[in-house]
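Here is a short report on one protein model. Look at the sequence and the fold, then read on.

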Amino acid sequence: MCVQYDSTLLHEAVSMSSAELVEMLIRAGADANRTNQDGRTALHLACRGGHVDIVRSLIAAGTNDGKTCLHVAVWRGHEDVVRLLVQSHADVNIPDSEGCTALYWAARSSYLPILKMLVASGAKVNYRVKSKWTPLHMALHLGHMTVVKYLILQGAETNIVVENKTVVSLLMGNEHLSPQVVRDTLDMFVRAGYNLNKDTWSPPPVAASSKTGSCNRTSDIDRGFAEFSKQSVLKWLESRRTEVPCLVALCRTRIRKRLSYCNKGRSIIPVLPKLPVPSLFIDYLGFQGDALLKPEPEKG
């Protein structure tokens, strides 16, 4: 066997996906925390490859590289590996070298099952990375609307502005979304406490095309649809800004924000049943009766 890049035999066994050889090397005293030339441990390689049995063996051997490995497993979408690392008490809120948490990567890749797993394990839904973006901002930027709804339900803050971008401007950057989806999402923002009176978004001008032919006609149709969508949203914003917020909705927003603060930025949903208030009010705080924000029923 040719060993490259200052890899150990344990690294090579993981690269070969040989759980049996990994077990044999561990019993023989192989150092599970030894890194190769790229600074990667055997656990790092196992998480990247999604080898659950090997990950389990390396964790049992006492490897301490779970911090970076969780990010790799999330980025690769290896749900079973993420579950194993979380069950082994990997810190879900430690940022990687780019300042991003595992939850941020899950939101970016729209891995909803992994996202739910991390949130249930105490991931902070409003953690701001080096660029000051939150998981909600990244999900909005990429148009992952199911992730957006889930994060807002968990207590994600809709009034954070990053790089002069509000949640509305990030939403409107997704021109593939239908006007109905956009309006429903805007309604969802308002229900979750978004302050429309401070939003100054307006649609940018649509550039005229200088090309000719059938391709240009298709482009003009797409451009016209986008312009119609933006103008309809602008009309919606103007009408909603004149409305007086419902007192009960304002109270819900304030209570949810306070709960998020007291829970150190983690999901507020597990906290709700512990409140000394009637169950009807708990359902209201959790958007149980809201057509746009009520939790999706669990499958299976």
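## A buried tyrosine

Tyr 104 sits in helix H7 (residues 102-109). Helices (H or I, at least four residues) and strands (E, at least two) are DSSP runs, numbered from the N terminus. Tyr 104 counts as buried, at 5% relative accessibility. Buried means under 20% relative accessible area, exposed over 50%, and partly exposed in between (1.4 Å probe, protein chains only).

What does Tyr 104 contact, leaving aside its neighbours within four places in sequence? Its partners are Val 129, Trp 133, Thr 134, Pro 135 and Met 138. Contact means heavy atoms within 4.5 Å. The C-alpha atoms of Tyr 104 and His 137 are separated by 9.5 Å, and the two residues are 33 apart along the chain.

This is a predicted model, where local features need pLDDT of at least 70 and side-chain atom pairs count only at pLDDT 80 or more, while totals for chains, interfaces and linings use all residues. Residues are numbered from 1 along each chain as its sequence is written, and side-chain values use heavy atoms, with hydrogens and water left out.

## The whole chain

The protein chain has 15 helices and zero strands. Of its 300 residues, 44% are buried. Take the contacts in the chain with a separation of 6 or more: residues 24 or more positions apart account for 69% of them.

The UniProt record (unreviewed entry) places the feature "repeat: ANK" at residues 5-37, 38-64, 65-97, 98-130 and 131-163. UniProt positions are given in the numbering used here, feature names are shortened, and annotations may be inferred rather than shown by experiment. Two of these spans can be set side by side.

| Span | Helix | Strand | Distance between end C-alpha atoms |
|---|---|---|---|
| Residues 98-130 | 52% | 0% | 7 Å |
| Residues 131-163 | 55% | 0% | 8 Å |

## The nonpolar cores

In soluble globular proteins, nonpolar side chains tend to be buried together. A nonpolar core is a set of buried Ala, Val, Leu, Ile, Met, Phe, Trp, Tyr and Cys residues joined through side-chain atoms within 4.5 Å.

The largest nonpolar core has 74 residues. Which members touch the most other members? They are Leu 58, Leu 70, Leu 118 and Phe 189. Helix H10 (residues 145-154) gives the most to this core, with seven residues.

Look at Leu 70 in detail. Beyond its neighbours within four places in sequence, Leu 70 is in contact with Val 82, Leu 85, Val 86, Ala 90, Asp 91, Val 92, Ala 102 and Leu 118. There is also a second, separate core of five residues, including Leu 259, Leu 272, Ile 282 and Leu 285.

## Two helix pairs

Two packed helices are described by the angle between their axes and the distance between the axes. Axes are lines fitted to C-alpha atoms, for helices over the stretch in contact, and angles run from 0 to 180 degrees between N-to-C directions.

Start with H3 (residues 42-49) and H4 (residues 52-60). These helices pack at an angle of about 155 degrees, with their axes 9 Å apart. That makes H3 roughly antiparallel to H4. Angles under 35 degrees count as roughly parallel, over 145 as roughly antiparallel, 65 to 115 as roughly perpendicular and the rest as oblique. The crossing of H3 and H4 is left-handed, meaning that the near helix is turned anticlockwise from the far one by less than a right angle (clockwise would be right-handed). On the H3 side, the contact is made by Ala 42, Leu 43, Ala 46 and Cys 47; on the H4 side, by Ile 54, Val 55, Leu 58 and Ile 59.

Now take H10 and helix H12 (residues 179-191). Their axes come within 11 Å and cross at roughly 15 degrees. H10 and H12 are therefore roughly parallel to each other. Their crossing is left-handed. Met 145, Val 148, Lys 149 and Ile 152 in H10 meet Val 181, Thr 185, Met 188 and Phe 189 in H12.

Helix H12 also holds Leu 186. Is Leu 186 buried or exposed? Leu 186 is buried, with a relative accessible area of 1%. Not counting residues up to four places away in sequence, Leu 186 touches Val 168, Leu 171, Val 233 and Trp 236.

## Two exposed loop residues

His 89 is found in the loop between helix H6 (79-87) and H7. His 89 has a positive phi of about 70 degrees, although it is not a glycine. With a relative accessible area of 70%, His 89 is exposed.

Lys 264 lies in the loop between helix H14 (247-262) and helix H15 (279-285). Lys 264 is not a glycine, yet has a positive phi of about 60 degrees. Lys 264 is exposed, with a relative accessible area of 60%.
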